[in-house]
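Please work through the exercises below with the sequence and the model at hand. Each task is followed by a stepwise solution.

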Amino acid sequence: MWNEIIAFLGRRGEFFYVSVFMLLMFFIFLTSWLIEPRRLINGVFFTIFWVSVVIWSTIMVHKSTSHGLQRAYDLLIMVVFFATIVLLTFAWLFLFWNAYFVWKYESHTLPNLLTLISGVLALILSLMFLLGPGKYLPHWLSALLASIPAIAIYLGLVLYNFLVNLILYQIYPRRYKQDYLIVLGAGLINGDQVSKLLAARINRAIQYSNRQYQKGRQRPIIIMSGSQGPDEKIPEAVAMAKFAQHRGVSPARILIEDKSKNTYENMLFSKQIALKDCGNTKFRSTFFSNNYHIFRAALLAKEVGLKANGVGAFTRFYYLPNAVIREFAGVFVMHKRRHFVIMGLLVLFFILQAILAAFGWVRFNVI
């Protein structure tokens, strides 16, 4: 029996094996993502699946008898490849352009300078890539400097995986069967007025509540979550509740959580309020924030044991790059031990190469 199976598989060729692998990876990704979208490994599964799709498409095209199709496909692959290289090399131009708009329309705080800082770092890396300063330096110093692009590549891969998960999380299926809707707070204007950014979160929750009611289900209770900052006249949650009431939400359907000072506490304290109001742990909940923030918020919800996924509100495009970099930094810090171990091993490897190059045992010149 096994001999027959092996013989059957042997006759299928590489197209068959790639097809099986592609379908297997799609099943693994889809199962993992649908069961728990708050896993960073989902981005890895999706990437492996997508690479297998490209390989499968390449084999299929090159097994066809249409030479025109093959040439067009090869040209498309080359254009995509070189476009990617150009975009990565000159990414600093986009970052500087975006930094200008953030500087123009937003407050001049350190978090709002992230695209500017990233642009400077990207420019330095691009110059190192284009000029290759390593050829003018001793081999041992070139080996040490090679750790910089190596760490940059690692950080780029981590950022890529974060972006994949962030995008996938935006399209996760919504279930209009919630008991509680948690709206995450943000800073107030003039100490007591809801900002446009915060209003978008509240309006998205109200829209969700209306949609659930239209489906013939009970309206969920909305938990407004946010404490009073040092420059605010009232707690954010109170201002949010007043805004929602002006939009027609009954005060009886609103709960106030006014102790949390960050997203972690938003999730923890909102969970406690829902537990107290519901009386058991079987409640269903969804949280609301801006689209760039919901994936990191979901990771924090998972950390406190809150079974809730997020729904994102619209954010102006010019604000997204800076906000996404800030969110990436937050997720990076959440797993900093793992990342610092890997980067430490990379640095250790290049230190070893530098020592070997100093003694003349290897020649090292990559930048």
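The exercises concern one loop residue, the nonpolar cores and a strand pair.

This is a predicted model, in which local features need pLDDT of at least 70, side-chain atom pairs count only at pLDDT 80 or more, and totals for chains, interfaces and linings use all residues. Residues are numbered from 1 along each chain as its sequence is written, and side-chain values use heavy atoms, with hydrogens and water left out.

**Exercise 1.** Determine whether I171 is buried or exposed.

Solution. Start with the position: I171 lies in the loop between α8 (147-170) and β1 (180-184); helices (H or I, at least four residues) and strands (E, at least two) are DSSP runs, numbered from the N terminus. Next, take the relative accessibility, which is 57%. Buried means under 20% relative accessible area, exposed over 50%, and partly exposed in between (1.4 Å probe, protein chains only). I171 is therefore exposed.

**Exercise 2.** Identify which element gives the most residues to the largest nonpolar core.

Solution. A nonpolar core is a set of buried Ala, Val, Leu, Ile, Met, Phe, Trp, Tyr and Cys residues joined through side-chain atoms within 4.5 Å. The largest one has 34 residues, of which F162, M267, F287, F295 and L306 touch the most other members. Elements giving two or more residues include α8, β1 and α12 (294-303). Of these, α12 gives the most, namely six.

**Exercise 3.** Describe how β4 (221-225) and β5 (254-257) pair.

Solution. Pairing requires at least two bridges found by DSSP. Here four bridges join the strands in the parallel sense, and S225 has E257 as its bridge partner in β5.
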